[in-house]
Amino acid sequence: MTVETMPGPRPDAVQAHRGASALAPENTIAAFRKAAEQGARWVELDVALLGDGTLVVIHDVTIDRTTSGSGSLSDMRRSDLDGLDAGSWFDGRFAGEPLPTLDAVIAELGALGLNANVEIKQHAHHRSLDQLVQTVQTAIAQRAPQTEIMISSFDPEALRAMHTLEPELEMAMLWGRPPEDWEAQLATIPARTIHMHFKALSIGLLEETSKRGIQVRAWTCNNPVQLVSFWDAGLAGVITDDPSLFLP
Ligand code: G3P
Ligand code: CA
């Protein structure tokens, strides 16, 4: 079997993790643009609140790793984003790339022809879950008509709260590995999708989930060979730093 003949996902089953984060600085417009250039139809991104309630697209709870600045999101306000460089740490070619708000990203998705998996990070400084999910709802309401949104989270409470506001959206429960009682837990969560670390996948799990009408996507996999046995068993998608690896 060659790479060309290996089983693989349909193009709309490939999600670019934090954008095409192998090729551009994660969770920036540049990374989403790169994903679109590669032919991806979906991007995954992380959202969290600043101290003043501004919703930004960032993975960590501080800006230290991915920007020219330092400090905790909880101590920041919207004006602190001005002049931050979220690109140079990755490569000088991306100098000056902003740390984006979710509003700014939503405004770009339509033009880029992208859909988004919005991962809600539930950090300790998020004092109000209601505020968090309402802010997500306000941002995604601005999407272009053709843009699809789904929600994922490691926090079942965030999925429950978001589902109450947006019952039509697909929700995905994020697990590193399935809990022993995954079926019982999932029954309490308004999600029919599991996003699972790819190393925790098994044919048996995919057979069990398929039987129950639950779909599973794998994160974060950057080697198609590692998933080759799972597509025929019903794996629904992959979240990857380099979508070109999985796209025709
Ligand atoms: O969507 C799955 C993946 O993004 C979860 O892990 O740490 O990259 O947000 P993390
Ligand atoms: Ca994520």
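The following exercises, with worked solutions, concern a predicted model.

**Exercise 1. Determine how strand 2 is placed with respect to burial, and how its side chains are distributed.**

Solution.
Step 1. Strand 2 spans residues 42-49. A residue counts as buried if 20 or more other C-beta atoms lie within 10 Å of its own.
Step 2. By this criterion, 8 of the 8 residues of strand 2 are buried, and the strand is mostly covered.
Step 3. Trp42, Glu44, Asp46 and Ala48 point one way from strand 2, while Val43, Leu45, Val47 and Leu49 point the other way.

**Exercise 2. Identify the strands that pair with strand 2, and state the sense of each pairing.**

Solution.
Step 1. Strand 1 (residues 14-17) pairs with strand 2 in the parallel sense, over 3 bridges. Here glutamine 15 stands opposite tryptophan 42.
Step 2. The connection from strand 1 to strand 2 passes through helix 1 (residues 29-37), and this β-α-β crossover is right-handed.
Step 3. Strand 4 (residues 115-120) is also parallel to strand 2, with 6 bridges between them. Valine 43 has alanine 116 of strand 4 as its bridge partner.
Step 4. Strand 3 (residues 55-57) runs antiparallel to strand 2, and 3 bridges join the two. Alanine 48 is bridged to valine 56 in strand 3.
Step 5. Strand 2 and strand 3 form a hairpin with 5 residues between them. In its turn, glycine 53 has a positive phi of about 90°.

**Exercise 3. Establish why helix 1 is described as largely enclosed, and name elements that cover it.**

Solution.
Step 1. Of the 9 residues of helix 1, 7 are buried, so the helix is largely enclosed by the rest of the structure.
Step 2. The buried residues are Ile29, Ala30, Ala31, Phe32, Lys34, Ala35 and Ala36.
Step 3. Their cover includes strand 1, strand 2 and helix 2 (102-112).
Step 4. After helix 1 comes glycine 39, with a positive phi near 100°.

**Exercise 4. List the residues around ligand 1 and classify this shell.**

Solution.
Step 1. The residues around ligand 1 are His17, Glu44, Asp46, His59, Glu119, Ser152, Leu174, His195, Trp219, Thr220 and Ile239.
Step 2. By class, the shell holds 3 nonpolar, 5 polar and 3 charged residues.
Step 3. Glu44 and Asp46 of this shell point one way from strand 2, together with Trp42 and Ala48.

**Exercise 5. Describe the span that the UniProt record annotates as a domain.**

Solution.
Step 1. The unreviewed UniProt entry carries the annotation "domain: GP-PDE" for residues 12-248.
Step 2. In the model, the end C-alpha atoms of residues 12-248 lie 11 Å apart.
Step 3. This span is 24% helix and 19% strand.

Key:
Residues are numbered from 1 along each chain as its sequence is written. Chains are lettered from A and ligands numbered from 1 in the order in which they are written. This is a predicted model: local features need pLDDT of at least 70, side-chain atom pairs count only at pLDDT 80 or more; totals for chains, interfaces and linings use all residues. A residue is near a molecule or strand if its C-beta atom, placed from the backbone, lies within 6 Å of it. Ala, Val, Leu, Ile, Met, Phe, Trp, Tyr, Cys and Pro count as nonpolar, Asp, Glu, Lys and Arg as charged, and the others, Gly among them, as polar. UniProt positions are given in the numbering used here, feature names are shortened, and annotations may be inferred rather than shown by experiment. Helices (H or I, at least four residues) and strands (E, at least two) are DSSP runs, numbered from the N terminus. A residue is buried if 20 or more other C-beta atoms lie within 10 Å of its own, exposed if 12 or fewer, and partly exposed in between; C-beta atoms are placed from the backbone. Two strands pair if DSSP finds at least two bridges between them. A crossover is right-handed if, with the strands pointing away from the viewer, the path from the first strand over the helix to the second runs clockwise. Two residues are in contact if their C-beta atoms, placed from the backbone, lie within 7 Å.
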